[in-house]
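Subject: The structure I promised you

Hello,

Here is the structure we talked about, ready for you to open alongside this note. Could you have a look through it while you read? My notes follow below.

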Amino acid sequence: MDADLAPAAIRVLVFGAALRTGSTNARLASLAAGLVADSGAEVDLARMRDFAMPLYDGDVEDAEGLPPGALALSERIGQCHAFVISSPEYNASVPGPLKNAIDWVSRVRPQPFKTKHALLLSSSPSMIGGNRGLWALRVPLEHLGTRVYPDMFSLPRAHEGFTDDGRLAHPGAQERLAETVSGFMRLVCADVRFVCLHRRWYEFPGDRTDAPVTQRVED
């Protein structure tokens, strides 16, 4: 195939949203990154500590602007077609550091979350995994215009859920994760390479654009 006609490489940011060293969500993110790479995509694997930032404070933003960690995360999201988050569940909801990061990055214009595809994963020591936290995480992301994949993956009893080589200990869980990632990547590839879409998003005060609706074709 002529190099000029070759399909664009799909780029995916994958990161574990826990700060703790040795987090099972970091391990799950690494496993998911390998599955994404197996689909032929380029993977940017990161961790929450890569994006350190203070608690959101409007006075700080007015005085100092956005912190470097928020700008770095915004840039990494902007460079990808999709992102995967493996997030712990804190008290049946979103971890504070992750929600804080979303709040900071939401201040960037143009909005980096808008129109990106996202896949949500979690691992938790509980018997039901971190699924409740993922449902809570969908709310701010979808509000920001992210296209969150309908299927989510949550690993219960995560402290005993991994083999020594980093795979999931239960064969059924490994198979379900692989199927979930594969389905997500098929959707991302179809959107980036084949689908013509009319896109407009008017969710935020001050985010409206007067640019006309355009038809987008990427190859």
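Let me start with a term that I use further down: a helix crossing is called left-handed if the near helix is turned anticlockwise from the far one by less than a right angle, and right-handed if it is turned clockwise. Please also keep in mind that this is a predicted model.

**Overall layout**

The protein has six helices and eight strands. Going along the sequence, they come in the order β-α-β-α-α-β-α-β-α-β-β-α-β-β. Of its 219 residues, 45% count as buried. If you take the contacts with a separation of 6 or more, 75% of them are between residues 24 or more positions apart.

**Helix α1 against helix α6**

Two packed helices are described by the angle between their axes and the distance between the axes. For helix α1 (residues 24-38) and helix α6 (residues 171-193), the angle is about 55° and the axes are 10 Å apart. An angle between 35 and 65 degrees falls outside the parallel and perpendicular classes, and α1 and α6 are therefore oblique to each other. Their crossing is right-handed.

Which residues make this contact? From α1 come L28, L31, L35 and V36, and they meet Q174, L177, A178, V181 and M185 of α6. Sorted by class, the residues of this contact are eight nonpolar, one polar and no charged.

**Helix α3 against helix α4**

The second helix pair to look at is helix α3 (residues 68-78) with helix α4 (residues 96-105), whose axes come within 9 Å and cross at roughly 80°. Because 65 to 115 degrees counts as roughly perpendicular, α3 and α4 are described as roughly perpendicular to each other. On the α3 side the contact uses A70, L73, S74 and I77, and on the α4 side A101, W104 and V105. Here the classes are six nonpolar, one polar and no charged residues.

Helix α4 also has a set of buried residues, namely L98, N100, A101, I102, W104 and V105. What covers them includes β1 (11-16), α2 (58-64), α3, β3 (82-86) and α5 (131-143).

**The strands β1 and β3**

Is β3 buried or exposed? Five of its five residues are buried, so β3 is largely enclosed by the rest of the structure. In a regular strand the side chains alternate between the two faces of the sheet. In β3, A82, V84 and S86 point one way, while F83 and I85 point the other way, and all are buried.

On to the partners of β3. Strands β1 and β3 pair in the parallel sense over five bridges, and V14 has V84 in β3 as its bridge partner. β3 also pairs with strand β4 (residues 117-123), again in the parallel sense and over five bridges. In that pairing, the bridge partner of S86 is L121 in β4.

Strand β1 has five of its six residues buried, so β1 too is largely enclosed by the rest of the structure. Six bridges join β1 to strand β2 (residues 42-47), and these two strands run parallel. G16 stands opposite R47 in β2.

**One residue to click on: N25**

N25 is found in helix α1. Its relative accessibility is 2%, so N25 counts as buried. What does N25 touch, leaving aside its neighbours within four places in sequence? Its contacts are G16, S86, S87, P88, L121, S122 and S123. You have already met some of these: S86 and L121 are the bridge partners in the pairing of β3 with β4, and G16 is the residue opposite R47.

**A few backbone details in the loops**

The loop between β3 and α4 holds N91 and A92. N91 has a phi near 50°, a positive value in a residue other than glycine. A92 is not a glycine either, and has a positive phi of about 65°. N91 is exposed, with a relative accessible area of 81%, whereas A92 is partly exposed, at 35%.

In the loop between α4 and β4 you will find P110. The peptide bond from R109 to P110 is cis, with omega near 0°.

Happy browsing, and best wishes!

Note on methods. Residues are numbered from 1 along each chain as its sequence is written. This is a predicted model: local features need pLDDT of at least 70, side-chain atom pairs count only at pLDDT 80 or more; totals for chains, interfaces and linings use all residues. Side-chain values use heavy atoms; hydrogens and water are left out. Axes are lines fitted to C-alpha atoms, for helices over the stretch in contact, and angles run from 0 to 180 degrees between N-to-C directions. Helices (H or I, at least four residues) and strands (E, at least two) are DSSP runs, numbered from the N terminus. Angles under 35 degrees count as roughly parallel, over 145 as roughly antiparallel, 65 to 115 as roughly perpendicular and the rest as oblique. Contact means heavy atoms within 4.5 Å. Ala, Val, Leu, Ile, Met, Phe, Trp, Tyr, Cys and Pro count as nonpolar, Asp, Glu, Lys and Arg as charged, and the others, Gly among them, as polar. Buried means under 20% relative accessible area, exposed over 50%, partly exposed in between (1.4 Å probe, protein chains only). Two strands pair if DSSP finds at least two bridges between them.
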